[in-house]
Amino acid sequence: MNFLLSIAFVICWSSGFIGAKLGAGSASAVTILMWRFLPLAVILIVVAAVSRASWRGLAVRDVARQAMIGTLSQSGYLLTVYYAIQLGVSSGTTALIDGVQPLVAGALAGPLLHQYVSRRQWLGLCLGVSGVAIVTLADAAVGTGVAWWAYLIPFLGMLSLVAATFLESRSRTRVAPTVSLTVHCATSAVIFTALAVSAGAARPPVELSFWAAIIWLVALSTFGGYGLYWLILRRSGVTKVNTLMFLMAPVTAVWGALMFGETFGPQTALGLAVGLAAVVIVHRGDTSSMRVRAREADDAARPAKHGA
């Protein structure tokens, strides 16, 4: 089940870069994001008003924390991704830059969350970064004429998502996925609507491609990508869910090559293989460390039982 969830998560999350590319030709970033979240937020709020069971017991502080998480994980992250693609950065390159997120999250998991990160997991994380670097160099060698500073924008989004991940992990209150998704989408709807109105870009275009991109983003990216992200985070922890982010870059590169004719050569294929190897190493390292800790806990408990 976890394996199937991981596959679905990689596909759905990668679809967000492709959807942004689909809509970039017909509207600005804030217009796409406004109409991606505004109708969705209205529907989710209506559903929440009808079914209140999941909201019982939640304090105002819990809702405020979820609003902050939504601001970081959706508004901050998506605005930078869409803006970079609007400036001409390819969908594959944007995903590649976001691929450094697992290294940052893995390095901070120990001191911030007191989670055990084994040597084997660190090896996998470093190997994954190598795979990302391989594909990044291949993409940069093509030369698209994009300003150099445009490639720095996705880094801000990556840091925003890392901050949201740790804020969620440090929360002591368990919030139902339907509740967190509603708060996140409502927060994003308010932020992006305000930005679009202030920029005079609130009116949606009439092109069919725009609405096709909106449906794509809502169905695959929001419900699939973000829903599975938080589900896997709660089941498997920060290190494992962020290791899957290594796969976003090569998968998006393949997808972009097939749909938009973006460059995909032997060097990109090599990066894909290295990224897959990194995921296998980290997942096995995590399983092995759990077994070791279980044996240590059992050994520690035996003397107590014998003495009693």
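This is a short talk on the helices of one protein chain and on a few of its residues.

Good morning, colleagues. Please keep in mind throughout that this is a predicted model.

I begin with the chain as a whole. The protein chain contains 12 helices and 0 strands. Read from the N terminus, its order of elements is therefore a run of α alone, α-α-α-α-α-α-α-α-α-α-α-α. The chain has 308 residues, and 47% of them count as buried. Its exposed surface comes to about 14700 Å², with 68% supplied by carbon and sulfur atoms. As for contacts, consider those in the chain with a separation of 6 or more: 91% of them involve residues 24 or more positions apart.

I turn now to helix packing. Two packed helices are described by the angle between their axes and the distance between the axes. I shall present two pairs, and helix H3 belongs to both.

The first pair is H2, residues 29–50, with H3, residues 60–86. Their axes lie 9 Å apart, at an angle of about 140°. How are these two helices oriented to each other? At that angle, H2 and H3 are oblique to each other. The crossing in which H2 passes H3 is right-handed. On the H2 side, the residues in contact are Ala29, Val30, Ile32, Leu33, Arg36 and Phe37. On the H3 side, they are Gln74, Leu78, Leu79, Tyr82, Tyr83 and Gln86. By class, this contact has 9 nonpolar residues, 2 polar ones and 1 charged.

The second pair is H3 with H7, where H7 covers residues 153–169. Here the axes are 8 Å apart and the packing angle is about 160°. H3 is thus roughly antiparallel to H7, since angles over 145 degrees are classed that way. H3 passes H7 in a left-handed crossing. From H3, the contributing residues include Arg65, Met68, Ile69, Leu72, Gly76 and Tyr77. From H7, they include Ile153, Pro154, Leu156, Met158, Leu161 and Glu168. The contact divides into 14 nonpolar, 6 polar and 2 charged residues. Tyr83 of H3 takes part in this contact, and Tyr83 also appears in the contact with H2.

Let us stay with H3 for one further residue, Thr71. Is Thr71 buried or partly exposed? Its relative accessibility is 27%, so Thr71 counts as partly exposed. Apart from residues up to four places away in sequence, Thr71 touches Gly76, Thr187 and Ile191. The C-alpha atoms of Thr71 and Ala186 are separated by 9.8 Å, although these residues are 115 residues apart along the chain.

Next, helix H4, which spans residues 91–98. How many residues of H4 are buried? The count is 8 of its 8 residues, and the helix is mostly covered. The buried residues of H4 are Ser91, Gly92, Thr93, Thr94, Ala95, Leu96, Ile97 and Asp98. Ser91 has a relative accessibility of 0% and therefore counts as buried. Which residues does Ser91 contact, once neighbours within four places in sequence are set aside? They are Phe17, Ile18, Ile85, Thr252, Gly256 and Glu262.

Thr252 in that list leads us to helix H11, residues 248–260, where Thr252 is placed. Thr252 also counts as buried, because its relative accessibility is 0%. With the same neighbours in sequence left aside, Thr252 is in contact with Ser14, Phe17, Ile18, Ser91, Gly92 and Ala95. Phe17 and Ile18 are thus contacts of Ser91, and they are contacts of Thr252 as well.

I close with two loop residues. Ala59 is located in the loop between H2 and H3. At 36% relative accessibility, Ala59 counts as partly exposed. Ala59 and Thr173 are 114 residues apart in sequence, while the C-alpha to C-alpha separation in space is 9.5 Å.

Ala199 is found in the loop between helix H8, 177–198, and helix H9, 208–236. Is Ala199 buried or exposed? With a relative accessible area of 55%, Ala199 is exposed, because the cut-off for that class is over 50%. Its C-alpha atom is separated by 9.4 Å from that of Thr31, and the two residues are 168 residues apart along the chain.

Thank you for your attention.

Notes
Residues are numbered from 1 along each chain as its sequence is written. This is a predicted model: local features need pLDDT of at least 70, side-chain atom pairs count only at pLDDT 80 or more; totals for chains, interfaces and linings use all residues. Side-chain values use heavy atoms; hydrogens and water are left out. Helices (H or I, at least four residues) and strands (E, at least two) are DSSP runs, numbered from the N terminus. Buried means under 20% relative accessible area, exposed over 50%, partly exposed in between (1.4 Å probe, protein chains only). Contact means heavy atoms within 4.5 Å. Accessible areas come from the Shrake-Rupley method with a 1.4 Å probe; for residues, only the protein chains shown count as cover. Axes are lines fitted to C-alpha atoms, for helices over the stretch in contact, and angles run from 0 to 180 degrees between N-to-C directions. Angles under 35 degrees count as roughly parallel, over 145 as roughly antiparallel, 65 to 115 as roughly perpendicular and the rest as oblique. A crossing is left-handed if the near helix is turned anticlockwise from the far one by less than a right angle, and right-handed if clockwise. Ala, Val, Leu, Ile, Met, Phe, Trp, Tyr, Cys and Pro count as nonpolar, Asp, Glu, Lys and Arg as charged, and the others, Gly among them, as polar.
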